[in-house]
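Biologist: Could you take me through this model, starting with how the helices pack and then moving on to the two chains?

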2 protein chains.
Amino acid sequence: MLIIGEKINSSIKSVATAIETKDEDFVQKLAIEQVTAGADMLDVNAGIFVDREVELLPWLVKKVQEVADVPLCIDSPNPEALKAALPLHRGKALVNSISLEAGRYNSIVPVVKEFGASVVALCMDEHGIPHNADGRVEIACRLAEKLRSDGVSYDDIYFDVLVQPISVDITFGIAALETIRGIRKCLPGTHTTCGLSNVSFGLPERKLLNSAFAATLVAYGMDTFIIDPLDPRIMAMVMATRALSGQDEFCEDYLKAFRSGKLKW
Amino acid sequence: MLIIGEKINSSIKSVATAIETKDEDFVQKLAIEQVTAGADMLDVNAGIFVDREVELLPWLVKKVQEVADVPLCIDSPNPEALKAALPLHRGKALVNSISLEAGRYNSIVPVVKEFGASVVALCMDEHGIPHNADGRVEIACRLAEKLRSDGVSYDDIYFDVLVQPISVDITFGIAALETIRGIRKCLPGTHTTCGLSNVSFGLPERKLLNSAFAATLVAYGMDTFIIDPLDPRIMAMVMATRALSGQDEFCEDYLKAFRSGKLKW
C-alpha cells in the first residue's frame with residue numbers, strides 16, 4: 001500500500017499563498033509533517049498558477065525533495081510544466097494524470113516515457129466518465145493496452161477509478177468500489193487509486209464518510225491512497241482495515257502504529 | 001438492514017447480576033436505551049445460568065417486551081428454554097442458533113417451526129468451522145437446502161459467517177467477508193450476520209478495529225448487525241457505509257441520523 005500525502009496543493013488557500021511567495025519554510029514544514037505522519041510519497045500541485053506553473057512546479061519539486069527523502073506525485077496536466085519539473089526530481093516520479101482523451105494522452109505519455117515515470121490514468125475518455133463500473137473497467141482495459149504498446153509497464157499504471165459525490169447519485173460510491181474490483185480482476189499488476197474525499201461532497205460529517213469510505217476502499221483492494229496523512233482518523237481507519245482484510249501479516253504494521261501512538265482517533 | 005442490540009446478555013457481569021436477581025428496572029432500562037439508539041431488534045441471553053435458563057429466559061422475554069415494541073433474538077441452544085420462552089414472545093422471533101451439527105439441528109429446528117420463528121444458522125458442521133470462505137459457503141448451501149426441505153423459507157434464515165480473531169490468523173477477516181459475498185451470490189433471499197467484535201480479540205484499540213470491520217461488512221453486503229447500538233462510533237460507521245455503498249436512497253437515513261444528533265463519533 002502506498003500513502004500519498006495530498007496537502008501540498010495550490011487549491012488550498014494557505015498553500016497557494018506559500019507557493020506564490022516561494023515561502024520555502026512553509027512548504028518544507030508541510031512536507032516533513034506528512035512524511036513523519038506516514039506518507040510514502042508527496043503530491044505537489046501548482047495548478048492554479050496557470051501562467052507560472054512552468055516556473056513554480058520545478059521550484060516545488062526542488063524544495064520538497066531538499067527535506068523529504070520520498071518520491072513525488074507531480075500533479076499537472078501541463079506537459080511544459082512536467083518537462084521543467086521532472087529533470088529536477090530524484091527517484092521515480094508519478095505523473096498525475098492522463099486519460100483516454102487523445103489530446104491529454106498524446107501530450108503527456110511521451111514525457112512520462114522520457115523520464116521513466118509512473119502515471120495516474122483516469123478511467124474516462126472523450127465522452128466523459130462512464131456512469132457504472134463496467135464502463136470504467138472497459139476504459140481501463142483500453143488504456144492499459146495502449147500504454148503497454150507505448151512501452152509503459154503495468155506496474156507503472158495507477159488507475160484513478162473516479163469518485164463522485166453520493167449526494168448527487170447514491171450509486172457513485174459503489175461504482176468506484178466495483179471499478180476497483182474489476183480492474184484487480186482484469187488487469188492484475190496495475191494499481192488503483194482515487195481522490196476519496198469527493199465522495200462526501202454536499203453532506204454533513206464529511207470526515208466520518210471519508211473515513212468509512214477509506215475502510216471500504218482498502219477492503220476492495222485499492223492500493224494507493226491520496227489522502228491527508230495528518231488526519232489521524234483516516235490514517236487509523238486505513239491501518240485497521242489493512243489488518244482486517246489480510247494485508248498486514250501478523251498485524252505487524254498495525255501494532256507498530258499503535259506503539260508509536262499513531263492510532264489516535 | 002437490521003440492527004440487533006446485543007447488550008442484554010448474561011456474559012456481561014452487570015447484566016448477569018440483574019437477570020439473576022430479576023432486577024426488571026435494570027433490564028428494561030437497557031432495552032429502552034438500545035431501541036432509542038436505533039436497535040430494530042434486541043438479543044436476550046441467559047445462557048450462563050445453565051440450571052435456571054428455562055425459568056430466566058421467559059422472564060427476560062416478558063420483561064423486555066413490556067417496554068420495547070420490537071421482536072427479540074432469543075439466544076439459546078437449549079430447546080427446553082426456547083420452548084418456555086417462545087410462547088410469551090410477541091411478533092416474529094429470531095432463534096440463535098443452529099448449525100449443521102445433527103444434535104443441534106434436530107433439537108432446535110422443530111421448535112423454530114412450531115413457533116414460526118426465524119433462525120440464525122452457523123456456517124459450521126461436525127468438523128468445526130472451515131478455514132476459508134468456500135468451505136463455509138458450501139455448508140451454508142447444505143443448511144439452506146435442509147432447512148428448506150424442513151419448511152423454513154430463505155427469508156427466515158440468517159447465516160452467521162463466523163468471525164474469528166485476526167490476531168490468531170490474518171486471513172480470518174477476509175474469510176468472513178468472502179463468505180458474505182459467496183452467500184449473497186449463491187443463496188439470494190437469505191440473510192447474513194456475525195458477531196463482529198471477535199475479529200479484534202487480542203489486539204489494542206479494539207473499537208477502532210470493530211468500527212472499521214463494521215464498515216467493510218456493510219460494503220460486502222451483510223444485512224444484519226448484532227452490535228452495541230450505544231457505541232456511537234460503530235453506529236455512525238454503519239450509517240455512513242450504508243450510504244456510501246448505495247443502500248440508503250438519497251442518503252435519507254444518514255441525514256435523518258445527522259439531524260437527530262446520532263452521528264457523533
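**Helix packing and the chain pair**

Modeller: Bear in mind that this is a predicted model. H9(B) and H10(B) are a good place to begin, and they run roughly antiparallel to each other, since the angle between them is over the 145 degrees that marks that class.

Biologist: What is the angle, and how far apart are the axes of H9 and H10 in chain B?

Modeller: Helix H9 of chain B, residues 232-244, packs against helix H10 of chain B, residues 252-259, at about 150 degrees, and the axes are 8 Å apart.

Biologist: Is the crossing of H9(B) past H10(B) left-handed or right-handed?

Modeller: The crossing in which H9(B) passes H10(B) is left-handed.

Biologist: Which residues of H9(B) and H10(B) meet there?

Modeller: From H9(B) there are B:Met239, B:Ala240, B:Arg242 and B:Ala243, and they meet B:Asp253, B:Tyr254 and B:Ala257 of H10(B). Sorted by class, the contact of H9(B) with H10(B) comes to five nonpolar and two charged residues, with no polar ones.

Biologist: Moving to the start of chain B, how do H1 and H2 cross?

Modeller: Helix H1 of chain B (residues 13-20) and helix H2 of chain B (residues 24-37) cross at roughly 130 degrees, and their axes come within 8 Å. That angle makes H1(B) oblique to H2(B). On the H1(B) side the contact is made by B:Ser14, B:Val15 and B:Ala18, and on the H2(B) side by B:Phe26, B:Val27 and B:Leu30. The contact of H1(B) with H2(B) divides into five nonpolar residues, one polar and no charged.

Biologist: And over in chain A, at what angle do H6 and H7 pack?

Modeller: Helix H6 of chain A, residues 133-149, and H7(A) pack at about 40 degrees with their axes 8 Å apart, which makes H6(A) oblique to H7(A). Their crossing is right-handed. H6(A) brings A:Ala133, A:Arg136, A:Val137, A:Ala140 and A:Cys141 to this contact, while the residues from H7(A) include A:Phe172, A:Ala175, A:Gly182 and A:Cys186. By class, the contact of H6(A) with H7(A) has nine nonpolar, two polar and two charged residues.

Biologist: Let's turn to the backbone: where is there a positive phi on a residue that is not a glycine?

Modeller: A:Leu162 has one, with phi at about 70 degrees, and A:Leu162 sits in the loop between strand S6 (157-160) and helix H7 (172-186) of chain A. Most residues other than glycine have a negative phi, and most peptide bonds are trans.

Biologist: Which residues of chain A does a cis peptide bond join?

Modeller: In chain A the cis bond joins A:Asn96 and A:Ser97, with omega about 20 degrees, and A:Ser97 lies in strand S4 (residues 94-98) of chain A. In chain B, the bond from B:Asn96 to B:Ser97 is cis with omega near 20 degrees, and B:Ser97 is placed in strand S4 (residues 94-98) of chain B.

Biologist: What rotation superposes chain B on chain A?

Modeller: A rotation of 180 degrees with 0.0 Å of shift along its axis does so, at an RMSD of 0.0 Å. The two copies are thus related as by a two-fold rotation axis. In chain B, the C-alpha nearest that axis belongs to B:Thr216, at 2.6 Å.

Biologist: How many residues of each chain are in contact, and how much area do they bury?

Modeller: There are 36 residues of chain B in contact with 36 of chain A, and the two chains bury about 3400 Å² between them, 76% of it on carbon and sulfur atoms. B:Leu208, B:Leu244 and B:Trp265 supply 24% of the area that chain B buries against chain A, more than any other three residues.

Biologist: Why can one say that the copies meet through the same surface?

Modeller: Because 100% of the interface residues of chain B are also interface residues in chain A.

Note on methods. Residues numbered from 1 in each chain as written. Chains lettered and ligands numbered in written order. Predicted model: local features only at pLDDT ≥ 70, side-chain atom pairs only at ≥ 80, totals over all residues. Heavy atoms only, no water. Axes fitted to C-alpha atoms, helices over the stretch in contact; angles between N-to-C directions. Helix = DSSP H or I, 4+ residues; strand = E, 2+ residues; numbered from the N terminus. Parallel < 35°, antiparallel > 145°, perpendicular 65-115°, else oblique. Left-handed = near helix turned anticlockwise from the far one by under 90°. Contact = heavy atoms within 4.5 Å. Nonpolar A, V, L, I, M, F, W, Y, C, P; charged D, E, K, R; others polar. Least-squares fit on C-alpha atoms with pLDDT ≥ 70 in both. Buried area = accessible area lost by both parts, 1.4 Å probe.
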